[in-house]
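Here is a friendly first tour for anyone who has not met this structure before. Please take a look at the sequence and the model, and then read on.

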Amino acid sequence: MANTIHVDVVSAEESIFSGEARFVALPGEAGELGILPKHTPLITRIKPGSVRIELADGNEEFVFVAGGLLEVQPDRVTVLSDTAIRGKDLDDEKANAARLAAEEALKNAKSDLDLAKAQSELAVMAAQIAALRRFRQKR
């Protein structure tokens, strides 16, 4: 059991993933983070992108997160995100529709706040589409 770490990925709505992993990679605020069992305790923000979980059996699970918080303990990794979607549940059509809506909001932004919100939504959608493409290439 010492060669795995327990991973929980939780969204505002539900638990997205819970299980044992050999390795977890995710987009930290200052760059890509890699977490192995017995990692030093850490709390940090994460950016929109995909969490790659290398399972105990060698398979991989991908979860797209729209940013959030990461807590690492030597035996546990917890990812908290408002929005988290399993790679296999990502949908091309939904992702592209959301991207178009974000681009439209960007064009129609009336203030700096509108612009910042639209840019943020667009960054999240771009990260989701990129995660979706990477997930599909692995399959």
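The points below go through the strands, the charged residues, a loop residue and a helix.

This is a predicted model, in which local features need pLDDT of at least 70 and side-chain atom pairs count only at pLDDT 80 or more, while totals for chains, interfaces and linings use all residues. Residues are numbered from 1 along each chain as its sequence is written, and side-chain values use heavy atoms, with hydrogens and water left out.

**Strand β1 and its neighbours**

- Helices (H or I, at least four residues) and strands (E, at least two) are DSSP runs, numbered from the N terminus.
- A good place to begin is strand β1, residues 5-10: five of its six residues are buried, so the strand is largely enclosed by the rest of the structure.
- Buried here means under 20% relative accessible area, exposed means over 50%, and partly exposed lies in between (1.4 Å probe, protein chains only).
- Two strands count as paired if DSSP finds at least two bridges between them.
- β1 runs antiparallel to strand β2 (residues 15-28), and six bridges join the two.
- Within that pairing, Val 7 has Gly 19 of β2 as its bridge partner.
- The connection from β1 to β2 is a hairpin through four residues.
- β1 also pairs with strand β6 (residues 76-80), this time in the parallel sense and over five bridges.
- Here His 6 stands opposite Arg 76 of β6.

**Strands β5 and β6**

- β6 is also joined to β5 by five bridges, and these two strands run antiparallel.
- Arg 76 of β6 turns up again here, with Gln 73 standing opposite.
- β5 and β6 form a hairpin, with two residues between them.

**Salt bridges**

- A salt bridge is a side-chain nitrogen of Lys or Arg within 4 Å of a carboxyl oxygen of Asp or Glu.
- By this rule the count comes to five, and three of them are described here, beginning with Arg 22 and Glu 54, whose side chains meet at 3.5 Å, N to O.
- Arg 22 lies in strand β2 and Glu 54 in strand β4 (residues 42-55), so this pair ties together parts that are 32 residues apart in sequence.
- Arg 22 is partly exposed, with a relative accessible area of 36%.
- Glu 29 and Arg 45 form another salt bridge, at 3.8 Å, N to O.
- This pair links distant parts of the chain, 16 residues apart: Glu 29 is in the loop between β2 and β3 (31-35), and Arg 45 is in strand β4.
- Glu 29 is partly exposed at 46% relative accessible area, whereas Arg 45 counts as exposed at 53%.
- Glu 61 and Arg 86 also meet in a salt bridge, at 3.0 Å, N to O.
- Glu 61 lies in strand β5 (residues 60-73) and Arg 86 in strand β7 (residues 84-86), so the pair ties together parts that are 25 residues apart in sequence.
- Glu 61 counts as buried at 12% relative accessibility, while Arg 86 is partly exposed at 22%.

**A patch of negative charge**

- Glu 13, Glu 14, Asp 82 and Asp 89 gather in a patch of negative charge on the surface.
- Such patches are made of residues with over 30% relative accessible area and no salt bridge, with like charges joined within 9 Å.
- Glu 13 is found in the loop between β1 and β2, and this residue is exposed, with a relative accessible area of 64%.

**A loop residue with an unusual angle**

- Most residues other than glycine have a negative phi.
- Lys 38, however, has a positive phi, near 70 degrees.
- Lys 38 is found in the loop between β3 and β4 and is exposed, with a relative accessible area of 60%.

**In the helix**

- Glu 104 has its place in helix α1, residues 92-107, and counts as partly exposed at 41% relative accessibility.
- Glu 104 and Glu 93 are 11 residues apart in sequence and 16 Å apart in space, C-alpha to C-alpha.

Notes:
Patch = residues over 30% accessible without salt bridge, like charges linked within 9 Å, V, L, I, M, F, W, Y side chains within 5 Å. Areas by Shrake-Rupley, 256 points an atom, 1.4 Å probe, with all protein chains shown as cover. Lys, Arg positive; Asp, Glu negative; His and termini not counted. Charge placed at Lys NZ, Arg CZ, Asp CG, Glu CD.
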